[in-house]
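Visitor: I'd like a close look at a single part here, please: the nonpolar side of the surface. Take your time, and tell me how the rest of the chain fits in.

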Amino acid sequence: MSTNAKVAVGGVAAGVILLWLLPFWAAVLVMVGVPAVSYLTLDPSQRRRLRRVTRKEIGR
């Protein structure tokens, strides 16, 4: 199993656990807020690199 697949499985598992433990809106807020905050903490050069890599992978 690749590293990306392991991260995806872990994210899905964490989401399911949050939905089970927290009210729906709180779980959605955590699942959307954490990636958004982590994106905002990147330097501008890191954001550009992330957008560039993502676009290349979409075109495959």
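**The nonpolar patch**

Guide: With 3 residues, α1 is the element that gives the most to the nonpolar patch. Keep in mind that this is a predicted model: local features need pLDDT of at least 70, side-chain atom pairs count only at pLDDT 80 or more, and totals for chains, interfaces and linings use all residues. Numbering starts from 1 along each chain as its sequence is written, and side-chain values use heavy atoms, leaving out hydrogens and water.

The patch itself is made up of I17, W20, L21, L22, V30 and V34, together offering about 630 Å² of accessible area. Two or more residues come from each of α1 (3-21) and α2 (24-40). Patch members have over 30% relative accessible area and no salt bridge, with nonpolar side chains (Val, Leu, Ile, Met, Phe, Trp, Tyr) joined within 5 Å and like charges within 9 Å. A salt bridge here means a side-chain nitrogen of Lys or Arg within 4 Å of a carboxyl oxygen of Asp or Glu. Areas come from Shrake-Rupley with a 1.4 Å probe, and for residues only the protein chains shown count as cover.

L22 sits in the loop between α1 and α2. It's partly exposed, at 33% relative accessible area; buried would be under 20%, exposed over 50%, and partly exposed is in between (1.4 Å probe, protein chains only).

Now step back. The protein chain has 3 helices and 0 strands, running α-α-α from the N terminus; helices are DSSP runs (H or I, at least four residues), strands likewise (E, at least two), numbered from the N terminus. Just 3% of the 60 residues are buried, and carbon and sulfur atoms supply 69% of the roughly 5300 Å² that the chain exposes.

Further along α2 is Y39, partly exposed at 29% relative accessibility. Its C-alpha is 9.4 Å from that of L50, 11 residues apart along the chain.

For another flavour of surface, R48, R49, R51 and R52 gather in a positive patch, where Lys and Arg count as positive, Asp and Glu as negative, and His and chain ends aren't counted. Each charge is placed at NZ of Lys, CZ of Arg, CG of Asp or CD of Glu. R49 belongs to helix α3 (residues 44-58) and is partly exposed at 47%.

As for confidence, pLDDT (the predictor's per-residue confidence, from 0 to 100) averages 82, with 88% of residues scoring at least 70. The mean is highest in α2, at 85, and lowest in α3, at 80.
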